[in-house]
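Work through the following exercises with the sequence and the coordinates at hand. Each task is followed by a solution in steps.

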Amino acid sequence: MREPILYLLIIGAGTGGELCVSRAMKAVGEVKDFRPTALLRVAGRALRVPWMWAGLTLMATGFFALLGALSIENVSLVVPVTALSYAAGALGGRFFLGEQVTRRRWAGVLLVCFGVALVIMGRR
Amino acid sequence: MKLRHAQANRLYYKPMESSDSRMKSSASLHFKTYLLIFLMVIFGPLGNVLLGKGMKRIGAASLGTPTDAIDLLSRVLTSGTIWLGIASLMTFFAAYMLVLSWADYSYVQPASSVAYAMVALLAHFMLREVVTPLRWMGVLVICLGVLVVGQTPPRTTEPS
């Protein structure tokens with residue numbers, strides 16, 4: 001019973017966190033200057049966006065759930081299972097970030113999900 | 001709405017002489033995107049595998065009592081392997097943040113899924129986990145999905 005809860009946390013909190021962080025980075029704007037000082041300024045600007053803090057909190061939750069799951073199961077199972085977040089990610093990108101997910105991109109995401117299902121079934 | 005339409009027109013009906021520079025900037029956008037996704041694909045899986053190695057050594061997590069939790073936390077935080085894993089994941093995270101500042105999440109997320117092949121490889125060679133043929137096939141299908149996603153344009157929203 002512990003494992004499904006951990007997976008749910010990894011996927012739910014992880015994807016939610018990434019969507020929030022992605023939204024924050026879109027607010028910061030495209031990074032064009034990769035010098036260290038410029039990158040520090042980007043980090044400073046990012047930390048002033050509330051979405052970044054919401055995202056970091058959620059991602060930290062997902063991270064500790066991942067540690068918990070890894071203490072019980074193999075890496076080659078846990079990591080592919082977390083890829084169920086692909087469907088959640090495409091939906092979130094479409095509805096939360098307003099990105100246009102084309103039919104071709106949906107097809108790619110579906111293939112990825114199918115591959116993940118095979119990985120799960122490939123359990124010994 | 002009207003303004004947006006005008007902007008879109010300007011984007012699509014630029015005069016011919018600027019098409020060269022537009023191509024160049026699109027090529028550099030692709031290069032930057034691929035480079036950062038490459039870093040993500042190396043450091044993300046490495047981090048996960050190192051965390052897995054560290055947590056296996058620590059043993060199954062039990063949070064029965066507060067003493068258990070503190071004991072577990074102290075064992076996690078004093079493990080060198082875990083810290084290496086965290087450093088690796090932070091490198092991954094930095095690359096991820098940067099790429100998300102210009103590329104779509106729904107592009108980056110699937111594109112970075114080459115990482116699943118990397119995880120399987122690293123788990124097999126570093127942790128001696130058994131990766132069954134069916135699992136390898138799954139990994140291949142994931143990579144195929146990645147190729148399909150890679151053919152779509154990295155940005156569909158207008159820069160703000």
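The model is predicted.

**Exercise 1.** Classify Asn48(B) as buried or exposed, and list its contacts beyond the sequence neighbourhood.

Solution. Step 1: the relative accessible area of Asn48(B) is 13%. Buried means under 20%, so Asn48(B) is buried. Step 2: Asn48(B) belongs to helix α2 (residues 19-58) of chain B. Step 3: with neighbours within four places in sequence left aside, Asn48(B) contacts Leu66(A), Leu70(A), Val75(A) and Val79(A), as well as Leu89(B).

**Exercise 2.** Identify the residues with the most contacts inside the largest nonpolar core, and find the helix that supplies the largest share of this core.

Solution. Step 1: the largest nonpolar core holds 68 residues. Step 2: those with the most contacts inside this core are Met25(A), Met40(B), Leu51(B), Ile82(B), Tyr96(B), Val99(B) and Val108(B). Step 3: helix α4 (residues 80-100) of chain B gives the largest share, ten residues. Step 4: take Leu51(B) and skip residues up to four places away in sequence; in chain A, Leu51(B) touches Phe63(A), Leu66(A), Leu67(A) and Leu70(A). In chain B, Leu51(B) touches Ile82(B), Gly85(B), Ile86(B) and Leu89(B).

**Exercise 3.** Describe how α5(A) and α6(A) pack, giving angle, axis distance and contact residues.

Solution. Step 1: two packed helices are described by the angle between their axes and the distance between the axes. Step 2: for helix α5 (residues 85-95) of chain A and helix α6 (residues 103-121) of chain A, the angle is about 160 degrees and the axes are 9 Å apart. Step 3: angles over 145 count as roughly antiparallel, and α5(A) and α6(A) are therefore roughly antiparallel to each other. Step 4: the crossing of α5(A) past α6(A) is left-handed. Step 5: α5(A) contributes Tyr86(A), Ala87(A), Ala90(A) and Leu91(A) to the contact, and α6(A) contributes Trp106(A), Val109(A), Val112(A) and Cys113(A). Step 6: by class, these residues are eight nonpolar, no polar and no charged.

**Exercise 4.** Assign an exposure class to Ala69(B) and to Arg128(B), and locate each residue in its chain.

Solution. Step 1: Ala69(B) has 29% relative accessibility and so counts as partly exposed. Ala69(B) lies in helix α3 (residues 66-77) of chain B. Step 2: Arg128(B) has 66% relative accessibility and therefore counts as exposed. Arg128(B) sits in the loop between α6 (114-126) and α7 (133-150) of chain B. Step 3: check the backbone of Arg128(B): phi is near 60 degrees, a positive value in a residue other than glycine.

Methods:
Residues are numbered from 1 along each chain as its sequence is written. Chains are lettered from A and ligands numbered from 1 in the order in which they are written. This is a predicted model: local features need pLDDT of at least 70, side-chain atom pairs count only at pLDDT 80 or more; totals for chains, interfaces and linings use all residues. Side-chain values use heavy atoms; hydrogens and water are left out. Axes are lines fitted to C-alpha atoms, for helices over the stretch in contact, and angles run from 0 to 180 degrees between N-to-C directions. Helices (H or I, at least four residues) and strands (E, at least two) are DSSP runs, numbered from the N terminus. Angles under 35 degrees count as roughly parallel, over 145 as roughly antiparallel, 65 to 115 as roughly perpendicular and the rest as oblique. A crossing is left-handed if the near helix is turned anticlockwise from the far one by less than a right angle, and right-handed if clockwise. Contact means heavy atoms within 4.5 Å. Ala, Val, Leu, Ile, Met, Phe, Trp, Tyr, Cys and Pro count as nonpolar, Asp, Glu, Lys and Arg as charged, and the others, Gly among them, as polar. A nonpolar core is a set of buried Ala, Val, Leu, Ile, Met, Phe, Trp, Tyr and Cys residues joined through side-chain atoms within 4.5 Å. Buried means under 20% relative accessible area, exposed over 50%, partly exposed in between (1.4 Å probe, protein chains only).
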